[in-house]
Amino acid sequence: MRKIEPILAILVAAAMIVAAIAAPWLRFVLTIALAKGIAVMGILLLLRAGQVSFGHALYIAFGAYTVAFLAPRFGDAMILLPLAALGAGVLGLLIGLFVTRYRQIFFGMLNLAMAMVFYSLLEKLYAITKGSDGIRVEIMPIAGQALERVTYEWTIFGIALGLAFVLGFLLRLYLASPMGEALAGIKTRETRLEFMGVPARGVLLSAYVMSAVLGGIGGALIAMTSRHVTPLLSYWTSSGELVFIAILGGAGGVLGPFLGAAAYELVRVYAAASFADAWQMILGSVLLLVILFAPGGLWGMAARAIGGRGR
Amino acid sequence: MTTTLSRREALVAGFGGVMLPATLSAQPAQKPAELKIGVTTFLSGPASVFGVPSRKACEMLIDQLNAAGGIAGVPVRAFFVDEAPGTDHLVGEIRRLVQSEGVHVLFQSISSGSCLACTPLSRELSKLMLLWDCGTQRIFEENRYEYAFRTQGYGTSEVLAPLLYLLKHKPDFRTVAVLNQDYAWGRDSWELWKTAMDALKPGVRVVAEMFPRFGSTDFSTEITRLLALRPDVILSTSWGGELVTFVRQATERRLHERSIFVLPVAEASMQILGRSMPEGHIIGTRGDHWNNHPAPKDPAAFNAFVNAYRQRFNEYPIYPCHHMAQAVWALKAGLEKAVAAKNGAWPSDAELAAAFRGLTFPTPTSTITLREDGQGLEDQIVGLSSFNDRFPFAVPKDMMLYPGASVSAPVGQKSTDWLKTLQPSVVQTAGRSI
Amino acid sequence: MAEWFQDNGLLLGLALLDGLSSAGLIFLVAVGLNLVFGVLRIVNVAHGSLYAIGAYAAASIGIFLAGLGLPDWASIPTLVLSAALVGAILGPLIERFLLRRIYAQEEVVQLLVTFALFMILEDVQKLIWGVQPIHHDTAMKYLGTIDVPFGADFIPFTNYQLFVLPGFAVVTLAGLAWFLRRTLTGRVIVAVTTDREAATAMGIDAAKVFLLTFTFGAMLAALGGALSSPTAALVPGIGAQTIVLSFAVVATAGLGQIEGAALTSLMMGLGRSVAVYFEPELEVVVPYIIMVLVLLVRPQGLFGVIETRRV
């Protein structure tokens, strides 16, 4: 299965490009899906260690607000993306130093608390953040090129797709490395790791910082795509959504988050279009069905269909 | 995904958007088989108390219009989208409505956040947008839009009118406390109020500024503090469940005997509060469409709307229903004007939008003019809560009507700058008793 | 400092009175969540939905019975009975048909199942009760108010909030403590909370304990909702607001600790009401600050027991 994954990734990417050409509004939805997929890779990383962050929307919101705040000053996507990633990484390090002392529910709930504090700050510091009205992000030049809207949207789509490939590839390398294997060790028996002289907290912290960086990049891309940021990005339901996508896609491979994000966004769009009153019920039911009847998520289904092993 | 690709509409719209040069879309427009309206409103979450009634009103009016042959001979069809999931979803939905469903006009949003995020799309998609309910003054004061118009009043008028009423009705107050929801409208409306109050009656002391979390279900701590502080006036621009909870908890503890409430968005909650609403407090309705309006311009039309709504849904319409109706009536007036300007031919998107600038359209209670910057001028009626035999809930008495133009910042001026220039004498000249 | 107390001592006294009633409500909801987590090891996101449904059901049953001519005094027992009814119906339904299928799965999957349930129940509430605020305040009105002296002035408090809410919390706390320590069923629950494997090895029927505990937790959530209904207008979304706070209580209290939940609720209730008086902008973040501070000092929660590290 691991060998098929790159081929499958290219097929999925091709399908996305075709869909984005066929319907311009899908290009928007798919860019958001790619951005969320990148952020969900961070969730995947922590899931490897058996930890669930129920507050990762914090890093998405942080990345998005970084773009919104700095766009008027350093208005170039090529500067803002690394800045958002760096900022989220630093924030992830600060918070990570604290939260990686905890496991299981404490880890999850502390992350949730951090995200909710950030959410409250975005709402409370009205003079700076404009509260729930949010901040508009104008079309910005990319690598010094001022772009017209459609070209801009295609470029962001392209950047998101490119980043998805590069980051997905790096994540695969990382997970296969000793550091990545140690993560799985935290999940099974942390004490054994320490007997082997591996500092479990250090391993988890580095994974946490990476997941924060991925969240920051995802958030920056979301801000550049939807071009309006609001505090809702860091509300707890948004964090839940990220975990939702991770499980929907399946935690087996790095392609999972992207399958999950695309499926999630499309289901949501179609549910909203067909049942504007009850889209939550549809989404919830889809999630339940996947968990109960397709435990490996979409990735697991794909794996079974091809005949390989999901994990 | 497969369903998308198999949908012919999506394909046509999709390839059209990508492959045709932009100039082609300005070609003479064909008269469509149906006029499609994309409506964004809250269908879930706390603000669905506004969203769902407005949707009902929209569906009712469209049925009425279609029974009478549609607008300019074209039947109307609405597509509803929930605002609640957040702006990244909503922005995508607006694109879908335009590019996949092929809507001709968008009725946009209750939340100011949604409006700020989505109104720029009117420019990008070159589609007519009628902002049917959101109140933020930032929309037209910070930007100019060719395709966007607000078919109702806005925050500035909706806060200034109750303030003017208070200054006339109870001119000798010295202290004020505020209890608003912690989100943009709560903060903005307080800033507008404070700015205007400092200009019109300098020296009033603000004894408490409280912005409890949006969606709070208990205000007993805030009420205790207000009971202890005994401010002369308590302003709250809250709405929905929060206003109902606040008024009930406050009246139970007799806060209304110590202070006068000013509730600019009260009307939508009066039916639910029923007899729990205390009498003699200042209530507003974000416009002039009170159920007991003593002198609507067209009483027959007003009663027809109210009665039809009551008959179909077994409740009185609340102000979001009227705001939705205003958008529908504006669309009718604007489209008919655009069609007439082309001698019966169907207008392009640009021609349709142009017809709305300066448009004056009738409402059952008055007329609304969409001025140069796109902002609508809606009259404001404020009064004191009271009970009579006709309604099982509080309605205003001693009403004052403030014409829209008199309580709106002039075109090109920011509301907060304009409010600072107000003179105390305005209190005596603004508005008239009705 | 002394001067500050002279100026603000009376206000602080008022803040304490307010804090008690809000602490009572927080406790009722959080203790159910904590109990369920202790036994089932599932963070039940749908606990918030049970709270909301309890509130709605109590209001509608109250309105219905009032229409039949029920005397006003009976409105308070009606609140309790409606909550018991909601818990007794929904609790077993959810446990039997949903949770039982996923006990063997990973924590994150269990969390998500309840998240999906939460989304579905949000729309179910909307379908049943509509979107307009519902209120039924006979219980609050019937008990009237009491004037609390405040310097030369007096402040009316509702008896319902001043006595009934904290009273129910105290009775629940005492009842739970007695039940868990003195009855056989209670001791079995404690045994499962402390060490599930050992307990089942000793022949305890875990399935029965799970069903019982979850139903009981559901009743407590519904009771929290029902008791809040006389003072609050019920609108869509109240469940989402409640659950986050309860999460914070559970993590701060220590898993499965009822005394911990009581103390935490008290700190959070008092902290919030003091904030409203002296620094209203901090009110929202107070619970999270308390949580972070407590976990800094006691990583296993206030009353939590450090789990033995398994090798």
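Me: How far apart are the end C-alpha atoms of residues 233-253 of chain C?
Reply: This is a predicted model, where local features need pLDDT (the predictor's confidence in each residue, from 0 to 100) of at least 70, side-chain atom pairs count only at pLDDT 80 or more, and totals for chains, interfaces and linings use all residues. Residues are numbered from 1 along each chain as its sequence is written, with chains lettered from A and ligands numbered from 1 in the order in which they are written. Residues 233-253 of chain C are 76% helix and 0% strand (DSSP runs numbered from the N terminus: helices are H or I, at least four residues; strands are E, at least two). Their end C-alpha atoms are apart by 29 Å.

Me: What UniProt annotation covers residues 50-70 of chain C?
Reply: That span is 86% helix and 0% strand, with its end C-alpha atoms 26 Å apart. UniProt positions are in the numbering used here, feature names are shortened, and annotations may be inferred rather than shown by experiment. The unreviewed entry covers residues 50-70 and 233-253, among others, with the annotation "transmembrane region".

Me: Which helix of chain C has the highest confidence?
Reply: Chain C has a mean pLDDT of 88, and 97% of its residues reach 70 or more. Confidence bottoms out in H8(C), residues 196-201, at a mean of 80. At the top, with 94, sits residues 75-97, helix H3 of chain C.

Me: Which element gives the largest share of the side of chain A that touches chain C?
Reply: This contact (C-beta atoms, placed from the backbone, within 7 Å) takes 34 residues from chain A and 32 residues from chain C. Helices H5, H9, H11 and H13 of chain A each give two or more residues to chain A's side. Eleven residues, the largest share, come from H5(A).

Me: How many residues of the side of chain B that touches chain A are nonpolar?
Reply: Here 36 residues come from chain B and 33 from chain A. On chain B's side, H4(B) gives the largest share, ten residues. Count Ala, Val, Leu, Ile, Met, Phe, Trp, Tyr, Cys and Pro as nonpolar, Asp, Glu, Lys and Arg as charged, and the others, Gly among them, as polar. That side then has 13 polar residues, eight charged and, for nonpolar, 15.

Me: How many residues does the largest nonpolar core have?
Reply: Such a core joins buried Ala, Val, Leu, Ile, Met, Phe, Trp, Tyr and Cys residues through C-beta atoms within 7 Å; buried takes 20 or more other C-beta atoms within 10 Å of a residue's own, placed from the backbone, exposed 12 or fewer, partly exposed in between. Leu130(B) is one of those with the most contacts inside the core. The total number of residues is 374.

Note on methods. Contact = placed C-beta atoms within 7 Å.
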